[in-house]
Amino acid sequence: MLQVKGKRVVVVGGGQRDGASVGNGRAMAVMFARNGADVLVVDRDLERAKATVAEIVKEGHRAHAMAADVSKSKDCERIIAEASKTLGGVDVLINNVGV
């Protein structure tokens, strides 16, 4: 059993690309939320991040969305600032990016 209840989790690359399968980022974001974590879903495409958040919220869990590109240092700083603001900090950081 995953012990993340009450933890603050940031999943970078948590949006979903088009296709029939569920991507790793979305799957991890949903899994953390289902196990009681508060999740910040980050993706380069805000609409994709929002779609993941909508799935999480529909199940009755807490999540927030933001757009950022981790290849840019300013965006990395924004992620930490947003996590501090919306989650109160970061306990777990998932960097699930790469194209």
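**A buried threonine, two packed helices and two nonpolar cores**

T52 is buried, since its relative accessible area is 0%, below the 20% limit used for that class. The structure described here is a predicted model, and T52 makes a convenient place to begin reading it. The residue belongs to helix α2. Leaving out residues up to four places away in sequence, T52 touches G14, G15, Q16, R26, A29 and V41. Two polar pairings stand out in these surroundings. In one, a polar atom of the T52 side chain lies 2.7 Å from the backbone oxygen of G14. In the other, the side chains of T52 and R26 form a polar contact of 2.9 Å.

The partner in that second pairing, R26, is found in helix α1. Is R26 buried or exposed? With a relative accessibility of 12%, R26 counts as buried, because the class covers values under 20%. Its contacts, again without residues up to four places away in sequence, include G13, G14, G15 and Q16. R26 also touches R48, A51, T52 and E55. G14, G15 and Q16 thus appear among the contacts of R26 and among those of T52.

The pairing of R26 with T52 leads on to the packing of the two helices. A pair of packed helices is described by the angle between the axes and by the distance between them. For α1 and α2, the axes come within 10 Å and cross at roughly 30 degrees. The crossing of these helices is right-handed. On the α1 side, the contact is made by R26, A29, V30 and A33. On the α2 side, R48, A51, T52, E55 and I56 take part. By character, the residues of this contact divide into five nonpolar, one polar and three charged.

Attention now turns to the nonpolar interior. In soluble globular proteins, nonpolar side chains tend to be buried together. The largest nonpolar core in this model has 15 residues. Which residues have the most contacts inside this core? They are V11, A29, F32, A37, V39, V41 and I56. Two or more residues each come from β1 (8-12), α1 (24-34), β2 (38-43) and α2 (46-58). Of these elements, α1 gives the most, with four residues. A second, separate core has nine residues, among them V10, V12, L40 and A83. Two of the core residues already met, A29 and I56, also take part in the contact between α1 and α2. A29 and V41, both listed for the largest core, are touched by T52 as well.

F32 offers a closer view of the largest core. This phenylalanine lies in helix α1 and is buried, with a relative accessible area of 7%. Beyond the residues up to four places away in sequence, F32 touches L2, V4, V9 and V11. The contacts of F32 further include A37, V39, V92 and I94. V11, A37 and V39 are thus contacts of F32 that also belong to the most connected residues of the largest core. F32 and K5 are 27 residues apart in sequence, and their C-alpha atoms are 8.4 Å apart in space.

T86 brings in another helix, α3 (residues 73-86). Leaving aside neighbours within four places in sequence, T86 is in contact with L40 and H64. L40 is one of the residues of the second core. T86 and A63 are separated by 23 residues in sequence and by 9.2 Å from C-alpha to C-alpha.

Two loop residues complete the picture, and both are exposed. V22 is placed in the loop between β1 and α1. With 57% relative accessibility, V22 counts as exposed, because that class covers values over 50%. Apart from neighbours within four places in sequence, V22 is in contact with Q16 and A27. Q16 is also a contact of R26 and of T52. The other loop residue, G60, lies between α2 and β3 (63-67). G60 has a relative accessibility of 62% and counts as exposed. G60 and K74 are 14 residues apart in sequence, with 32 Å between their C-alpha atoms.

Note on methods
Residues numbered from 1 in each chain as written. Predicted model: local features only at pLDDT ≥ 70, side-chain atom pairs only at ≥ 80, totals over all residues. Heavy atoms only, no water. Core = buried A, V, L, I, M, F, W, Y, C linked by side-chain atoms within 4.5 Å. Buried < 20%, exposed > 50% of the residue type's maximum accessible area, 1.4 Å probe, protein only. Contact = heavy atoms within 4.5 Å. Axes fitted to C-alpha atoms, helices over the stretch in contact; angles between N-to-C directions. Left-handed = near helix turned anticlockwise from the far one by under 90°. Nonpolar A, V, L, I, M, F, W, Y, C, P; charged D, E, K, R; others polar. Polar contact = N/O pair within 3.5 Å; in protein donor to acceptor, adjacent residues only side chain to side chain.
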